[in-house]
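Colleague: I would like to learn how to read a new model step by step. Could we open it and take one feature at a time?

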Amino acid sequence: MNRFAKLSVVLLLLSVSVCLSRPAAADDALVSREYQLKALYLFHFVELTEWPKADQVTICLWGDSPLRAYLPALDGQQVGGSTVQAVSEPLPEMARCQILFLSDPHTLTQDILNQAESRHILLVSDSEDFAERGGMIQFTLRNNKLKLIVNLAAVKRAGLKLSSKLLRMAEIVQ
């Protein structure tokens, strides 16, 4: 089984359920699984997103997030003809990123949106109302499961195309 297939199996197993009503002792493990799942989704976004041009796809994390512990596992992975690079510096240079995860809701500014559009950067976050405020893909927990909310208009303005596979899994906001 290749590394991509292994990651897909892990994603499938982890996506079965993220239970929020566990005892306090299990909270750390729950958070850990939630962020492992988010990292795997970021990896799959590489496969399910079409950029105008990208030989290499760099996933960047802006801010402080438990996601930082899981991004190095994605570094060097191959998806199609692209090599994935993971950057977890606190303030990465946006020009390097094809996917940018914003951990702080206050970092979604008009300047970030403009840069994302002009540089074809897929903006992702787990901040509440991220997609409604112009972000592109938002992770949210509903009914104990990790769900995706996609702002399709924002994705199109950035010149990106999301696969129908990804869009079928998501709630779309305009």
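Colleague: Let me begin with a single pairing: which residue in E4 is the bridge partner of Val 79?

Modeller: Please keep in mind that this is a predicted model. The partner of Val 79 in E4 is Ser 82, and this pair belongs to the contact between strand E3 (residues 78-79) and E4, which run antiparallel and are joined by two bridges. E3 and E4 form a hairpin with two residues between them, and in that turn Gly 80 has a positive phi of about 60°.

Colleague: Which way do strand E2 and strand E4 run, parallel or antiparallel?

Modeller: Strand E2 (residues 56-62) and strand E4 (residues 82-87) run parallel, and five bridges join them. As an example from this pairing, Cys 60 has Val 87 as its bridge partner in E4.

Colleague: In what order do the strands of the open sheet follow one another?

Modeller: The open sheet is formed by eight strands, and reading across gives the order E3-E4-E2-E5-E6-E7-E8-E10, with mixed pairing. The edges are E3 and strand E10 (170-173), each of which pairs on one side only. The protein as a whole has five helices and 10 strands.

Colleague: How should I read the side chains along a strand, and which way do those of E5 point?

Modeller: The general idea is that in a regular strand the side chains alternate between the two faces of the sheet. In strand E5 (residues 99-102), Ile 99 and Phe 101 point one way while Leu 100 and Leu 102 point the other way, and all of them are buried.

Colleague: How many bridges link E5 to E2, and how many link E5 to E6?

Modeller: E2 and E5 pair in the parallel sense over four bridges, and E5 and E6 also pair in the parallel sense over four bridges. Leu 102 is a useful residue to follow here, since it stands opposite Trp 62 of the pairing with E2 and opposite Ser 125 in E6. Between E5 and E6 the chain passes through helix H3 (residues 110-119), and this β-α-β crossover is right-handed.

Colleague: What does a disulfide consist of, and which residues does the one here join?

Modeller: In general, a disulfide is a covalent bond between the sulfur atoms of two cysteines. This structure holds one disulfide, which joins Cys 60 to Cys 97 with an S to S distance of 2.1 Å. Cys 60 lies in strand E2 and Cys 97 in the loop between E4 and E5, so the link ties together parts that are 37 residues apart in sequence. With -100° about the S-S bond, the link of Cys 60 and Cys 97 is left-handed, and both cysteines are buried.

Colleague: Which sign of phi should I expect in general, and what value does Asp 129 have?

Modeller: Most residues other than glycine have a negative phi. Asp 129, although not a glycine, has a positive phi of about 65°. Asp 129 is placed in the loop between E6 and E7, and it counts as partly exposed because its relative accessibility is 35%. Asn 143 is another residue other than glycine with a positive phi, near 50°, and it lies in the loop between E7 and strand E8 (145-151).

Colleague: Is Asn 143 buried or exposed, and why does Ser 127 count as buried?

Modeller: Asn 143 counts as exposed because its relative accessibility is 73%, and the cut-off for that class is over 50%. Ser 127, at 5% relative accessibility, counts as buried, as the cut-off there is under 20%. Ser 127 is found in the loop between strand E6 (122-125) and strand E7 (137-142). Leaving aside neighbours within four places in sequence, Ser 127 is in contact with Leu 102, Ser 103, Asp 104, Pro 105 and Gln 138.

Colleague: To finish with the whole protein, what share of its residues is buried, and what share of the contacts joins residues at least 24 apart?

Modeller: Buried residues make up 47% of the 174 residues. Among contacts between residues at least 6 apart in sequence, 57% join residues at least 24 apart. The protein exposes about 8,800 Å², of which carbon and sulfur atoms supply 51%.

Terms used: Residues numbered from 1 in each chain as written. Predicted model: local features only at pLDDT ≥ 70, side-chain atom pairs only at ≥ 80, totals over all residues. Heavy atoms only, no water. Pairing = 2+ DSSP bridges. Buried < 20%, exposed > 50% of the residue type's maximum accessible area, 1.4 Å probe, protein only. Contact = heavy atoms within 4.5 Å. Areas by Shrake-Rupley, 256 points an atom, 1.4 Å probe, with all protein chains shown as cover. Right-handed = clockwise from strand over helix to strand, strands pointing away. Disulfide = S-S within 2.5 Å.
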